[in-house]
Amino acid sequence: MNKNITSIAVFYILISIILGAIGAHFIEKHIEDLSLLDTFEKGVKYLIYTGIGLLVIGLNESKFQFSLKVFYILIIIGSILFSGNIFAYTFHESVPNFKNFVHIVPVGGFLMIFGWAFLLIKLLINRKELK
């Protein structure tokens, strides 16, 4: 088990639940464009999906015969850039400069895609060595 990654995973899940509640009970009353609530919820969903994925991988790290460091870096940075910038963008009506954060979201998405693709490739290359 990787305690650091497991802790980050649990933190992501916790923050997702908190932000989901904030989205359901607070944001709707403070934004004019309600489509931004859907955008915010997308950030919450991807953060919780990432948390669950990291939790599974982190708890089972000892079963992998290769380093997961690149995977972890790509996923963590990607999820922060993706979800974090979606959350900031949601409030661009109140803080107009936050509108620019939307341009960083795809970078985070690509990093997450590359992270999961990296893990898949490593699994395929090392599939006979897995415990």
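In the predicted model, ring pairs join Y46, Y49 and F82 into a cluster. Within this cluster, Y46 and Y49 form an edge-to-face aromatic pair, with a centre-to-centre distance of 6.0 Å and an angle of 70 degrees between the planes. Both tyrosines belong to helix α2, where they stand three residues apart and are thus separated by about one helical turn. Their exposure was computed separately: Y46 is partly exposed, at a relative accessible area of 37%, whereas Y49, at 52%, is exposed because its value lies over the 50% cut-off.

A search of the whole structure for aromatic pairs returns seven. One of the aromatic pairs is formed by F40 and F87, whose rings are tilted, lying 5.0 Å apart centre to centre with 50 degrees between the planes. Since F40 is located in helix α2 (residues 35-59) and F87 in helix α3 (residues 69-90), this pair ties together parts that are 47 residues apart in sequence. F40 and F87 are both buried.

Towards the start of the chain, N2 is found in the segment that precedes α1 (3-30). With a relative accessible area of 16%, N2 is buried, because this value falls under the 20% cut-off. The side chain of N2 reaches the backbone nitrogen of I5 at a distance of 3.0 Å. When residues up to four places away in sequence are not counted, N2 touches G58, E61 and Y72.

Methods. Residues numbered from 1 in each chain as written. Predicted model: local features only at pLDDT ≥ 70, side-chain atom pairs only at ≥ 80, totals over all residues. Heavy atoms only, no water. Helix = DSSP H or I, 4+ residues; strand = E, 2+ residues; numbered from the N terminus. Buried < 20%, exposed > 50% of the residue type's maximum accessible area, 1.4 Å probe, protein only. Polar contact = N/O pair within 3.5 Å; in protein donor to acceptor, adjacent residues only side chain to side chain. Contact = heavy atoms within 4.5 Å. Phe/Tyr/Trp six-rings, centres within 6.5 Å; stacked < 30°, edge-to-face > 60°.
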